[in-house]
Amino acid sequence: MDRLAATKYCREKLDEYGLKHWSIRITTNVNQRFLGLCSHNDCCIIVNAHHVDQNPDSEIKDTILHEIAHALVGPNHGHDPTWVTKAKEIGVNNLTPCATIGLDPAIIDAIRSEIGRAHV
C-alpha cells in the first residue's frame with residue numbers, strides 16, 4: 001500500500017463510521033515515531049509515512065482502524081474496555097497498545113539528508 005492508498009482507505013473508513021469532519025495527515029517527520037495517532041483536538045488521524053512504506057497492507061489498515069477506534073470512543077479512553085469493544089467491533093486485529101516505529105539510524109540520517117537537500 002502506498003501513501004495515497006493509505007490516505008484513501010482512511011478517508012473511506014472515516015466516512016463509513018460517520019467521521020466525515022475528520023481529516024488525515026501522513027507525516028514524514030522522523031522524530032514522530034508513532035505508527036498512527038488519533039488527535040482529538042484537531043479531529044485528525046495521523047499516519048507515519050515510514051510505517052506505510054515499510055509494512056504490509058494488512059498492518060497499515062489495522063493501524064488506521066486502531067486510530068479510528070480511538071476517534072469513535074473519544075478522548076480519555078486510551079486502550080480501556082470501551083476502546084477494546086469498539087476496536088473489535090470495527091475489525092481491529094491487533095489490540096495491543098500503540099506501537100512505535102523503529103528506524104535504523106542510517107535510514108534516519110539518509111532521510112534527514114534528503115529533507116535538507118529539498119529545502120535548499
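**Confidence, fold and core of the predicted model**

Across the protein, confidence is highest in helix H1 (residues 3–16), at a mean of 97, and lowest in helix H5 (residues 105–118), at 47. The model is predicted. The mean pLDDT of the protein is 84, with 80% of the residues reaching 70 or more. Over residues 111–120 pLDDT stays under 50, and for this stretch the model has five contacts beyond four places in sequence. Where pLDDT is low, the predicted coordinates should not be read in detail.

The secondary structure of the protein consists of five helices and three strands. Along the sequence these elements follow the pattern α-β-β-β-α-α-α-α. Of the 120 residues of the protein, 37% count as buried. Among contacts with a separation of 6 or more, residues 24 or more positions apart account for 47%. One pair that is distant in sequence is Ser39 and Glu67, which are 28 residues apart along the chain and have their C-alpha atoms separated by 9.0 Å.

The largest nonpolar core has 21 residues, of which Leu14, Trp22, Ile45, Ile64 and Ile68 touch the most other members. Two or more residues of this core come from each of H1, strand S3 (44–48), H3 and H4. The element that gives the most is H3, with seven residues. In soluble globular proteins, nonpolar side chains tend to be buried together. For Ile64, the contacts beyond its neighbours within four places in sequence are with Ala6, Tyr9, Cys10 and Val47.

Ser39 belongs to strand S2. With a relative accessibility of 13%, Ser39 counts as buried. When neighbours within four places in sequence are left aside, the residues in contact with Ser39 are Trp22, Cys44 and Ile46. Of these, Trp22 is also listed among the core residues that touch the most other members.

The cysteines were examined next. A search of the whole structure finds zero disulfides. Cys10 is in no disulfide, and the nearest cysteine sulfur, that of Cys44, is 8.3 Å away. A disulfide requires a pair of cysteine sulfur atoms within 2.5 Å, so the sulfurs of Cys10 and Cys44 do not qualify. Cys10 is buried, at a relative accessible area of 0%. Cys38 is likewise in no disulfide; for this residue the nearest cysteine sulfur is that of Cys43, at 8.5 Å. Cys38 is buried too, with a relative accessible area of 12%.

Two residues have a positive phi although neither is a glycine. For Cys43 the angle is about 50°. Cys43 is placed in the loop between strand S2 (36–39) and S3, and Cys43 is partly exposed, with a relative accessible area of 23%. For Asn76 the angle is about 75°. Asn76 is in the loop between H3 and H4, and this residue is exposed, with a relative accessible area of 77%.

Helix H4 (residues 81–90) has a buried side and an exposed face. Its buried residues are Trp83, Ala87 and Ile90. They lie on the same side of H4, because the arc that they cover around the axis is only 75°. An α-helix has 3.6 residues a turn, so residues three or four places apart point the same way. What covers the buried residues of H4 includes helix H3 (57–73). The face of H4 turned away from the buried side carries the exposed residues Pro81, Thr85, Lys88 and Glu89. At the start of H4, a side-chain oxygen of Asp80 comes to within 3.1 Å of the backbone nitrogen of Thr82. After the helix comes Gly91, which has a positive phi, near 100°.

Notes: Residues are numbered from 1 along each chain as its sequence is written. Side-chain values use heavy atoms; hydrogens and water are left out. Buried means under 20% relative accessible area, exposed over 50%, partly exposed in between (1.4 Å probe, protein chains only). Helices (H or I, at least four residues) and strands (E, at least two) are DSSP runs, numbered from the N terminus. The arc is that of the directions from the helix axis to the C-beta atoms. Contact means heavy atoms within 4.5 Å. A polar contact is a pair of N or O atoms within 3.5 Å; within protein, one must be able to donate a hydrogen and the other to accept it, and residues adjacent in sequence count only if both atoms are side-chain atoms. pLDDT is the predictor's confidence in each residue, from 0 to 100. A nonpolar core is a set of buried Ala, Val, Leu, Ile, Met, Phe, Trp, Tyr and Cys residues joined through side-chain atoms within 4.5 Å.
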